[in-house]
Amino acid sequence: MKIKKRPFGMVDGKPADLFVLENSNHLEMKVTNYGGIVVSLVVPDRDGNMDDIVLGYNQLEAYVKHNPYFGAIIGRYGNRIGNAQFTLEGQKYTLAKNEGENNLHGGIKGFDKVVWDAKPVMDDDYVGLILKYLSKDGEEGFPGNLDVTVKYILNNDNEFRIDYRATTDKTTIVNLTNHSYFNLTGEGSGDILGHEVVINAERFTPVDETLIPTGELAPVEGTPMDFRIPTAIGARIDADYEQLKIGKGYDHNFVLNKDQEGAMTLAATAYEPASGRFMEVFTTEPGMQFYTGNFLNGMIGKSGKPYNFRNAFCFETQHFPDSPNKPEFPSVVLRPGEEYKTTTIYKFSTI
Ligand code: GLA
């Protein structure tokens with residue numbers, strides 16, 4: 001196991017570093033404290049060949065210039081808030097609009113675009129990084145000073161574990177996630193339509209044309225949203241089904257099956273038959289956004305290859321989009337004295 005650190009560049013007059021974490025099985029993860037971005041994640045295939053299975057760039061400048069959230073921590077609110085506004089304890093808050101009328105992934109300068117404080121950590125069975133950021137009262141329109149800690153761990157069971165923690169000094173809303181784009185064949189190797197996916201959800205949240213949930217929890221049964229048994233991503237992605245047309249593919253929040261709120265359960269799996277790579281996602285969160293890279297448009301990635309339409313997928317564990325305006329959805333409110341606490345694990349193996 002080892003952790004190395006090297007300079008990655010400067011943003012907002014602050015130095016950003018690149019941390020190289022390696023576990024005892026030689027899985028290697030590179031992370032920068034700019035946006036908490038997972039720059040690369042190298043895992044073996046069934047023959048032991050190592051490939052980098054997340055999309056990203058080699059240069060800090062490329063992330064600063066244009067990053068469709070590759071690998072980043074998303075906050076203060078993952079996914080969309082309709083009309084970029086909400087009311088909390090009788091007070092109306094107006095947020096930055098960065099996607100039409102809506103607030104997406106925290107606004108114009110979300111947690112993906114700030115420099116975090118970073119401290120490497122190592123224990124008997126893991127290497128990791130503790131990232132801290134203080135989001136000021138009023139930042140992007142959100143109330144309260146939010147003190148955020150995100151701990152990334154790469155352990156010797158080949159799990160990438162993320163612990164999210166936050167506290168506030170004023171009632172606020174919070175919904176953190178990580179936006180890694182996966183391609184289990186290797187980044188830049190083409191589309192992900194052959195990956196076989198399972199999503200442990202009986203229901204999903206249908207959306208309107210601006211991708212804001214309608215409020216309904218619709219059954220997946222009998223629709224192309226049904227991933228309760230292993231199904232290739234491409235099997236039904238272009239079906240004549242309104243929700244897929246709106247999303248240009250999958251871009252939907254799934255209501256994860258849970259017996260108990262906040263329990264750590266299996267959310268989803270993805271299997272890539274050619275390499276044998278298998279990824280399992282466990283989370284304490286009630287939802288997961290399944291996004292099939294429908295906005296990727298040919299940007300050149302870290303190994304010089306283009307990232308085209310549907311060349312990666314994301315499993316963004318989260319609370320449901322637009323929850324601040326949907327009282328019937330699980331609450332995203334955080335009050336002074338409380339602790340926001342969620343965990344997500346991505347586990348890698350081969351079959
Ligand atoms: C999420 C959203 C998508 C898109 C991506 C980033 O998955 O739901 O619509 O904005 O992030 O490009």
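D226 is buried in this predicted model, its relative accessible area being 15%, and because the cut-off for a buried residue is under 20%, D226 falls on that side of the boundary. The side chain of D226 meets that of R228 in a salt bridge, with 2.8 Å from N to O. R228, in contrast to its buried partner D226, counts as partly exposed, at 32% relative accessibility.

R228 also forms a salt bridge with E202, where the closest N and O atoms are 2.9 Å apart. R228 lies in the loop between β19 (218–219) and β20 (231–232), while E202 belongs to strand β18 (residues 201–205), so this pair ties together parts that are 26 residues apart in sequence. E202 counts as partly exposed, with a relative accessibility of 37%.

Another salt bridge is formed by R277 and D51, whose closest N and O atoms are 3.0 Å apart. This pair links distant parts of the chain, since R277 is in strand β23 (residues 277–283) and D51 is in strand β5 (residues 50–52), 226 residues apart. R277 counts as buried at 2% relative accessibility, whereas D51, at 29%, counts as partly exposed.

The salt bridges described here are listed below.

| Pair | Distance between N and O |
|---|---|
| R228 and D226 | 2.8 Å |
| R228 and E202 | 2.9 Å |
| R277 and D51 | 3.0 Å |

A search of the whole structure finds 18 salt bridges.

Technical notes: Residues numbered from 1 in each chain as written. Predicted model: local features only at pLDDT ≥ 70, side-chain atom pairs only at ≥ 80, totals over all residues. Heavy atoms only, no water. Salt bridge = Lys/Arg side-chain N within 4 Å of Asp/Glu carboxyl O. Helix = DSSP H or I, 4+ residues; strand = E, 2+ residues; numbered from the N terminus. Buried < 20%, exposed > 50% of the residue type's maximum accessible area, 1.4 Å probe, protein only.
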